[in-house]
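Me: I should like a close look at the aromatic ring pairs in this structure. Please explain each term as it arises.

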Amino acid sequence: MDNPLLRPLAKWYAQRCPACGTSRLEAVLKGFKEKSSCQECGKHLSFGSVMLKTALRYLRMERSDFGDLSSDPEAMALANALCRGIATQGQRAIDVGLPLYVVFDVTSRCNLRCIHCYSSENKKDLSTEKASQVILKLFNAGAGVMDFGGGEPLLREDIFDLLSYAKGLGLYTSISTNGLLLDNPRVDRLKALGIDHVCVSLDGATAETHDSIRNKHGAFEQAIQGIQTCVSAGITTQASTVVMNRNLDEVEDMENLLTGLQVKGWYLYDFVPAGRGKTLQDEALAPEQRHHLYETLQGRAPQSKITLKPYPYLITINAASASETYFYQKYGKLTEFFHGCLSGRWTCYVSSNGDVFPCHQLPFLLGNLTTSTFNDIWFDTESPVLRELRDRSALKGACGSCSYRNVCGGCRAQAFWRTGDHLASDRCWIHQ
């Protein structure tokens, strides 16, 4: 049952200041650490602060549990989107989840043929008009962050129009690219439209390793050049790595390389043998290797000059970490709030033709945004996949009996591609 105060309070926090455009939620959060420079925002700080503290007490949380959200544009975008979603959906936005984080692969075309790519299908790209309609539907449904991927998104002639449209709606907008097309003219356009960040894939500390995974000689040098061009332009630049057996020993060297390149953040993804990579089962890390990697990153993160973001660990097994560890201190309370695995709950994947999936590595088609509304897809009570992903009591094996089941849930993609059952246990070391 809805708390009668939930919707109106969320709607109040979601409103934007007519003078400076800041959401009331952001103004209140900023008000905890500094005096507001906007007189209009200042009128609402006292009421907003009291109500926020009351809400946190109800949730048995402290404001410090969520860190300084107001200084993190991506986190702030997610928080604002949550308010917008609760304002329209009420309690079910919390019970079911919202597509706060969306991966939109705007094209299946690519200039590489990477051995580990989760996407092995060629789908027709949507027109500019239809792709824009999809973006709008997702924004209205509660999306806060939208990452544009592919294929290679920069192969779309209208990619800058789509990015600009998303930015204009108020979405935190990023683009994930292999870096080969990040020349000066394109980077200048990304800078001009205000892209929030660019993420470049880097799968090795050496050209030999990266090029073997990316299946192209010279891909490493071009990716490095792309990173340098973005950093020089003043764009927030991040990198992403799919960690597998053939590059596991280069993780430390990659961190040193990326630190020298002055990237801001580094996503480390656990290899899932999906799509084209399903024949590479031997490249998947064993539980003990995952454990060692996580502990290594846990030890290096406090001193690292770049933000280390090992996924899916930060949204799953981080909940099982000791409370004094770095990643728990930084992300633990958020992990517990979102209850681990986000697939079909707080995130979704949209392919180049508008198809919607729970995440980019779970091949369960939920519907298509060119023919259906997002709400009809997302809140479909007849969908067995969505029902199962949102019910932790349905988990099987070690994940089903694990004491961290309700705050973790394991990685459903790892389970599916290893066993064929998305409810099976993943290969987490916690239950080994």
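Reply: The following account concerns the aromatic pairs and their surroundings.

This is a predicted model, in which local features need pLDDT of at least 70 and side-chain atom pairs count only at pLDDT 80 or more, while totals for chains, interfaces and linings use all residues. Residues are numbered from 1 along each chain as its sequence is written, and side-chain values use heavy atoms, with hydrogens and water left out.

The structure holds 19 aromatic pairs. Rings of Phe, Tyr and Trp (its six-membered ring) pair if their centres lie within 6.5 Å; planes under 30 degrees apart count as stacked, over 60 as edge-to-face and the rest as tilted. One of the pairs joins Phe 104 and Phe 148, whose ring centres are 6.0 Å apart; their planes stand at 40 degrees, so this pair is tilted. Phe 104 belongs to strand β1 and Phe 148 to strand β2, 44 residues apart; strands are DSSP runs (E, at least two residues) and helices likewise (H or I, at least four), numbered from the N terminus. Phe 104 has a relative accessible area of 1% and Phe 148 one of 0%, so each counts as buried (under 20%; exposed is over 50%, partly exposed in between, with a 1.4 Å probe and protein chains only).

A further pair is formed by Tyr 294 and Tyr 313: the ring centres are 5.6 Å apart and the planes lie at 70 degrees, so the pair is edge-to-face. Tyr 294 lies in helix α13 and Tyr 313 in the loop between β7 and α14, so parts 19 residues apart in sequence are tied together. Both tyrosines, Tyr 294 and Tyr 313, are buried. Ring pairs also link these two with Tyr 326, Phe 327 and Trp 429 into a cluster.
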